[in-house]
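Please look over the sequence and the structure shown below before reading on. The report that follows takes up the chain as a whole, then one pocket, and then a single residue.

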Amino acid sequence: MDYKNFASTWLSLQASNRFLKFVCIFLMALNFLTLIGWLKKDTAVILIPPGLSEKSEIAKNKASEGYKKAWAMYTATLIGNVTPENANFVLESFVGMVTSDIRSIVTEQITQELEILKQEKVSSTFEVVQVAYEPETDKVFVTGRNRMTGAGGKSTPTDQTFEFKIDVQQYSPIITQMASYAGIPKLLSVLQKEQVKNKVEEERQKLIKN
């Protein structure tokens with residue numbers, strides 16, 4: 001027997017076994033870390049909102065721009081199209097959409113408006129024209145045409161904007177801020193221009209008084 005070749009072959013086999021053991025341990029550790037990361041990762045659901053061509057994504061406590069725009073459009077359509085018959089349904093549906101911090105204030109305001117519509121037997125229709133998202137403020141602006149219809153006929157349509165700030169809690173959207181006003185969206189750029197204009201007007205009034 002060639003003991004030198006046998007010893008060399010035996011040592012090579014041992015080295016190969018050690019290497020394979022190392023590779024197996026490394027792969028097992030890698031799979032274990034991958035499994036932990038997968039379990040801790042928030043599930044992301046890809047959605048295609050109705051009425052919008054872009055995809056949207058929602059995770060446990062966050063959502064994409066497309067998802068917030070779709071939810072804002074749905075909410076504006078819900079509260080913008082009210083009749084005396086569906087007023088109670090609209091109110092009940094809307095109450096569950098807002099955070100507890102603003103629920104009482106917003107609910108009281110909308111309740112008053114709906115009561116006026118019911119008493120006067122007037123219906124409100126809202127046609128969405130544009131939906132815009134502002135990354136700087138994380139706000140969604142839904143702009144459209146509002147028209148009131150009652151016993152006296154239809155009113156002239158007016159521009160109206162619904163302004164929302166929407167968060168996500170446990171995969172559920174929640175409105176944390178809301179405003180409704182006539183006219184174009186009050187984007188950050190528009191507010192800044194108004195501030196500059198008001199400041200210039202204040203300075204002009206001071207010069208006139210002096």
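## The chain as a whole

Among the contacts in the chain with a separation of 6 or more, 45% are between residues 24 or more positions apart. This is a predicted model, and in it the chain has 5 helices and 7 strands, which follow one another along the sequence in the pattern α-β-β-α-α-α-β-β-β-β-β-α. The chain is made up of 210 residues, and 28% of them count as buried.

## The largest pocket

The largest pocket holds about 430 Å³ of space, and its lining consists of 18 residues, with Ile110, Glu113, Gln160, Phe162 and Ser180 lying nearest the centre. When the lining residues are sorted by character, 11 are nonpolar, 6 are polar and 1 is charged.

Several elements contribute to this lining: helix 2 (65-80), helix 4 (100-120), strand 4 (139-150), strand 6 (158-169) and strand 7 (172-182) each provide at least two residues. Helix 4 gives the largest share, with 7 residues.

## A buried glutamate

Glu134 belongs to strand 3, which covers residues 123-134. Which side chain of opposite charge is nearest to Glu134? That side chain is Lys139, at 6.0 Å, and Glu134, although buried, has no salt bridge. Once its neighbours within four places in sequence are set aside, Glu134 is in contact with Lys139 and Phe141, and also with Leu187, Leu188 and Ser189.

Technical notes: Residues numbered from 1 in each chain as written. Predicted model: local features only at pLDDT ≥ 70, side-chain atom pairs only at ≥ 80, totals over all residues. Heavy atoms only, no water. 1 Å grid on protein atoms, 1.4 Å probe; cavity = no way out; pocket = protein on both sides within 12 Å on 5 of 7 lines; lining within 4 Å. Points joined across faces, edges and corners; volume = space filled by probe spheres on them. Helix = DSSP H or I, 4+ residues; strand = E, 2+ residues; numbered from the N terminus. Nonpolar A, V, L, I, M, F, W, Y, C, P; charged D, E, K, R; others polar. Buried < 20%, exposed > 50% of the residue type's maximum accessible area, 1.4 Å probe, protein only. Lys, Arg positive; Asp, Glu negative; His and termini not counted. Salt bridge = Lys/Arg side-chain N within 4 Å of Asp/Glu carboxyl O. Contact = heavy atoms within 4.5 Å.
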